[in-house]
Each structure stands twice: as structure tokens, then as C-alpha cells.
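Grab a pencil and work through these exercises on one pocket and the sheet beside its lining elements. Each task comes with a solution you can follow step by step.

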Amino acid sequence: MQIGVVGLGRMGANISRRLMRAGHSCVVWDANAATVQALGKEGAQGAGGLADVVKALTDQPRAVWVMLPAGKITEQTIEQLGGMLGAGDIIIDGGNTNWKDDVRRGKALKAKGIRYVDCGTSGGVWGLERGYCLMIGGDKDAVDHLDPIFSALAPGMGSIERTPGREGRDARPEHGYLHAGPVGAGHFVKMIHNGIEYGMMQAFAEGFDILRCRRAENLPADERFELNIGDIAETWRRGSVVSSWLLDLTASALGPDEDLEKFSGFVDDSGEGRWTVDAAVEEAVPANVLAAALFTRFRSRQDHTFGEKILSAMRFGFGGHVEGALEKK
């Protein structure tokens, strides 16, 4: 299947690579010409701009995957594509867009006959090898047409045991991708996924901070412990109830540097945690943990604890996120 991919950053480039590995044809463009050239050497068809991407797509209907940071650049790109594509064509937003923007865009594009699909994409810098967990919103006909793309990007069943009682149900979730509902539903589910991620990360961060602070001199001498934090993380990875990929990333960061000297503890947020709390307020749903995790990230920009270094290490591990993006603005 042929698809255009716009935006070749940490995830967009690897999405293209994974699709090409599965036999799909990718027409790619990014503002960074060197990235386009590099993917061209790997088998992609490079383009010089959005118009070139659209012109190079010969399969009908045409499909373009936009993988750009949420906000103005995505808004402008989709608006431009909406003026170039025609009835029946499909635009996929695979970034972390606010789901309410999806609903608005979907209505505007539908008036032109263009189909819009929002795809929450989880997998970070590891997606090329591990696959991407996909949460998809859009009309059934568009989502079904793109199934070969989603299937190629998703992790597949792998070695995870099947869940009893799912016989006869949609098989896609067992392969790591989900048609969540109409336009906006995909990014809504991904938003909540990221809100939960904030809470899980904060729990690990606080727990490891308590462990490390047991050495504090203000405690009675016979109640102080010089605990090996890296060894604890490694032990918990094996057979523990709290074992997880986030714990794996934490152990990897602590292994060579138990004091996490290369991290300051300045913890950014990319927006989904705020939107999750907004949704909780709209729905009158108590979200104590998720809200507290978000507010802790705000506080981390004023002073830093070891727990916040743990958070920074996990964010760098799964997404390549570098500290201080907001601090530098």
C-alpha cells in the first residue's frame, strides 16, 4: 500500500521504516532535507514539499500520515493538505493532538469529502523494533481501508498470553491496535493513556525517592539504610507485581549512574496530562492521582528531587525527551 508521511522526527522516520519493512511504499517529506535524503537511501520516495507528496501518490484513495508536534504546525499542514487532496482521500494525524481539534478538523474536511482519521500512537523511539500501540478514531470505511498500515505498525500478538473470554470479539486489540470510535476518539483514548502514564511514573519516582532518602542523617542511626537503588529496580523487574516497561527503563538508567547525575529533575509535560485533567473536570470524575502527578511536574521546574530525576530518566528512556524544553523557552 502507498502512503505519504509528513514529519520525519523521532517517530515519523521510524514509522516510515517499519512500513517499508512490511512492504509498503512511503512518499516522505520533512522540513529537514537531510532526513528526507536519508530515508530515500533506505527505499522511501523523497518529496520536496506537501504538493510533491500529494502529486507522487498514485494509489486511490490517497492517504497522508501527518506526524508533527501538536499545535500550529500540525494545524497548518492539515489545512494545506485539505486544499490539495480530493473527495475520498484520507488524512491521518498520528501526533498528540487535542481530541477536540480532531472533531473540529474532521467536520471541516468532511465538508470537502476528505476523510480524517486521528491515531494516538504510543511506542516512542522504540517503535521501530517493538511496534506501535495505536488508538484510532474515524469513520469505519476509512479505518478499514487503512488496516494494512495499522497492522504493519502495530506490535502484533507477540508472546503475551491471550486474555480469556475474548473469543469472537474484534481481534485487532490483541494485536495492539484499536478502532476506538468516531473522529476524536483515538486521541481521546491516547490522552487518557498518557494521563495514566503520568500517574504510574510519579508513583515510581516517589517510591524510589523514599528508598534513597532512607540514608538521611536526620534519621536515627540504627534506622538508616544505604540502599542500592539500582539493585532494587533490577530485582523488581523480575516476578514483581510492579514490573513494567517503565521499571525496565528506570533500571537501565540507574545501572550505570545510580545518582542520575546527567538529569536535573526538570520534568516537562507535553499537554496530554493537562487535557486529561480538563476532561476529568468536564465529566466530574475524581482524578486525584493524575492531577497530582501533573502538578508535581509543574513544581519540578522550581526545584528538583531525586524522584524527579527518576521521572526525567524514564521520559528520556521511552521517548528520547531531553530535559528543559520549557525551561529554554
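**Exercise 1.** Sort the lining of the second largest pocket into nonpolar, polar and charged residues.

*Solution.* The tally is five nonpolar, two polar and five charged residues. Here Ala, Val, Leu, Ile, Met, Phe, Trp, Tyr, Cys and Pro are nonpolar, Asp, Glu, Lys and Arg are charged, and the others, Gly among them, are polar. Now put names to it: the lining includes Lys-107, Gly-113, Arg-115, Tyr-116 and Asp-139. A pocket is an open set of points on a 1 Å grid over the protein atoms alone, where a 1.4 Å probe fits, with protein on both sides within 12 Å along at least five of seven lines; lining residues have an atom within 4 Å of a point.

A word on the source: this is a predicted model, with local features needing pLDDT of at least 70 and side-chain atom pairs 80 or more, while totals for chains, interfaces and linings use all residues. Numbering starts from 1 along each chain as written, and side-chain values use heavy atoms, without hydrogens and water.

**Exercise 2.** Find which element gives the most to that lining.

*Solution.* It's α5, with five residues. Helices (H or I, at least four residues) and strands (E, at least two) are DSSP runs, numbered from the N terminus.

**Exercise 3.** Place β6 in its sheet.

*Solution.* Start with the strand order, β3-β2-β1-β4-β5-β6-β7-β8, an open sheet with mixed pairing. Strands pair if DSSP finds at least two bridges between them. Next, β5 and β6 run parallel over four bridges; Ile-90 has Arg-115 of β6 as its bridge partner.
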